[in-house]
Structures are given as structure tokens and as C-alpha cells.
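User: I would like to go through this model and understand the reasoning behind the terms used to describe it. Please set each value against its cut-off before you conclude.

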Amino acid sequence: KRCPVTGQEGETHEWRAASPTDIRSVCPALNTLAAHGYISRDGKNLSSLQIAYGLKACYGLSTGLALFLSFGGVFLIRGPFKFVFLGALHTINRHFDVTFFGVEHDASLVHRDTPRQRPVHPPNLSPSKFLSSVKGNSITPEDPRLVDHATVAKWRIRREKESPPLDAMHAEIARGEMGIILGVWDHQDPQTGAHGIPAGWLKNWFKDNRLPDGWSPDHIQELLDVVKRSKAIKAEMEKIRASQ
């Protein structure tokens, strides 16, 4: 069977760890596409269209949302004349100080802030304080506890206190990237009716760039739903700040 995204024969999209020559980025969503073969597993020579196809196939994003993220993201990184081709995944790592606008930002939930003296180098991928707690032994891959928009808001407040101020665009990117995965993996607790992401899923995604075992998209994730979830995170953050 030929994968329609990568063109590889026999692609079954099982997870594979990156080899020493493979390239990865600061973005767990794109790294996961490569780890599961939804884009080139080596993370090289990627076009915006290939990324869009991968986002649709892997996460169940709508065509409009996938195109918006892929072409829009590459536009912000490479500018108006090169937005159809990203190149290697680590192109994303360049801090916005040295790109057209850029999508990489400080106060990330998965990596430390970028040293200003070396903004063109990949950010330090050592775990932030947040991710260190998520990677702790208290959370297993099967952990059923749910992470919802209120939990994400608390995490974002914590990281933004530790980091240089975010401009409005990058603050929206930071909320939106979590809004996407909250929608993709929306899970309802059968006993309480609460919604969120199983903590074990999120830990594996952040830590190993790995999809949940046996998971496949069960709905189409639309742009408007992401906007709604991002607004919910922002509203909760404003509520927390007002109470402090």
C-alpha cells in the first residue's frame, strides 16, 4: 500500500524513534507526523502541501484548517515569496526575531525560552518546568485523568510568568496550538461527563511525539472549534489573573 502523503510503499504509520540523521523541530504536532510517517520520516524537504496532507490524515483536521496552518505557518516563517516550501522541520525553530514573523515563541509548554544571543539556533529542547512535571512517574501512558482548557490556562499562566512577554500574535499561537489538540483528542469521562485529553496521551505526545496506541481520528476538527477553545483558554487565563 502506498501512502498518499509520503508516497512510500507499505507505510503503516507505526511510531518510529528518530534516527541520528533525522531532523525534528520544537513542534510536537509536526514531529509526530514524521515519527508516524505522515510526512517524510527524516523531516527533510517538506512542502506546505505535504504538511497539510499530513495534518489531515494524522489528526483529522478539516481541509481549511490544515491549509491555514501549513501555508499560514510557513508564510510567517519564510515570508510571502517562499511560503509553499518549508524545507527541513528545524526551520520552524528560528525565533521570530530573525524570521519574517515566525511561529516559534517563548513561554512554550514543551521547551525553554530561546536565548536572545543565539536566536537562529534551535531552542533548548530540555524540558521546561511544566514538561518536567508531566514527565514525572506519576503519569503513565494509560493515565485517564483529563487535561481540559482550565488546566491548560493554568499551565500557560505559569509559563508566561517565567518568560519574556509575548506579543498578541504569538500569545494567540500559543493558545491555539493547545486548542487544536484539545479538540482532536476531546474525550468525555463516562462517569462525570467532563471533557478533556487523557493525561497519558498528552505526556506521550509531548515527550515522545507519539500517537495513542490504536487511536485514529473519529471526527473532523474544524477551525471554528479551535477558535472557540482558544477563546476559552484565554478567558480562563484572564479569570486567573484577575483573582491574583
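**The pocket and the helices around it**

Analyst: This is a predicted model, and a good place to begin is the lining of the largest pocket, to which helix 3 gives the most, with 9 residues. The lining as a whole comprises 41 residues, and those nearest the centre of the pocket are Leu-69, Val-103, Ile-173, Glu-177 and Ile-180. The volume of this largest pocket is about 1000 Å³.

User: Which helices each supply at least two residues of the lining of the largest pocket?

Analyst: Helix 1, helix 2, helix 3 (63–78), helix 6 (168–184), helix 7 (199–208) and helix 8 (223–243) each do so. The chain they belong to has 8 helices and 5 strands, arranged along the sequence as α-β-α-α-β-α-β-α-α-β-β-α-α.

User: What is the make-up of the lining of the largest pocket by class?

Analyst: There are 30 nonpolar, 8 polar and 3 charged residues in that lining.

User: Why is helix 1 called roughly perpendicular to helix 2?

Analyst: Two packed helices are described by the angle between their axes and by the distance between those axes. Here the axes of helix 1 (residues 28–35) and helix 2 (residues 48–59) come within 10 Å and cross at roughly 85 degrees. Angles of 65 to 115 degrees count as roughly perpendicular, and therefore helix 1 is described as roughly perpendicular to helix 2. On the helix 1 side the contact is made by Pro-28, Ala-29, Leu-30, Thr-32 and Leu-33, and on the helix 2 side by Ile-51, Gly-54, Leu-55, Cys-58 and Tyr-59. By class, the residues of this contact are 8 nonpolar and 2 polar, with no charged residue.

User: What makes helix 7 largely enclosed by the rest of the structure?

Analyst: Helix 7 is described as largely enclosed because 7 of its 10 residues are buried, where buried means under 20% relative accessible area. The buried residues of helix 7 are Ala-199, Gly-200, Leu-202, Lys-203, Asn-204, Trp-205 and Phe-206. Just after helix 7 comes Asn-209, which takes a positive phi of about 55 degrees. For the chain of 244 residues, the buried share is 47%.

User: How do you know whether Val-226 counts as buried or exposed?

Analyst: Val-226, which is found in helix 8, has a relative accessibility of 6%, and Val-226 therefore counts as buried, the cut-off being under 20%. Leaving aside neighbours within four places in sequence, Val-226 is in contact with Leu-65, Gly-176, Gly-179, Ile-180 and Gln-221. Val-226 and Leu-182 are 44 residues apart in sequence, while their C-alpha atoms are 8.4 Å apart in space.

User: Why is Ala-107 called buried, and where does Ala-107 lie?

Analyst: Ala-107 lies in the loop between strand 2 (85–87) and helix 4 (129–134). Its relative accessible area is 0%, and so Ala-107 is classed as buried under the 20% limit. Not counting residues up to four places away in sequence, Ala-107 touches Asp-113, Arg-156, Arg-159, Glu-160, Ser-163 and Leu-166. From C-alpha to C-alpha, Ala-107 and Arg-159 are 5.0 Å apart, with their positions 52 residues apart in sequence.

User: What share of the contacts in the chain with a separation of 6 or more comes from residues 24 or more positions apart?

Analyst: Such residues account for 64% of those contacts.

Definitions and conventions:
Residues are numbered from 1 along each chain as its sequence is written. This is a predicted model: local features need pLDDT of at least 70, side-chain atom pairs count only at pLDDT 80 or more; totals for chains, interfaces and linings use all residues. Side-chain values use heavy atoms; hydrogens and water are left out. Axes are lines fitted to C-alpha atoms, for helices over the stretch in contact, and angles run from 0 to 180 degrees between N-to-C directions. Helices (H or I, at least four residues) and strands (E, at least two) are DSSP runs, numbered from the N terminus. Angles under 35 degrees count as roughly parallel, over 145 as roughly antiparallel, 65 to 115 as roughly perpendicular and the rest as oblique. Contact means heavy atoms within 4.5 Å. Ala, Val, Leu, Ile, Met, Phe, Trp, Tyr, Cys and Pro count as nonpolar, Asp, Glu, Lys and Arg as charged, and the others, Gly among them, as polar. On a 1 Å grid over the protein atoms alone, a cavity is a set of points where a 1.4 Å probe fits but cannot get out, and a pocket is an open set with protein on both sides within 12 Å along at least five of seven lines; lining residues have an atom within 4 Å of a point. Grid points are joined across faces, edges and corners, and a volume is the space filled by probe spheres set on the points. Buried means under 20% relative accessible area, exposed over 50%, partly exposed in between (1.4 Å probe, protein chains only).
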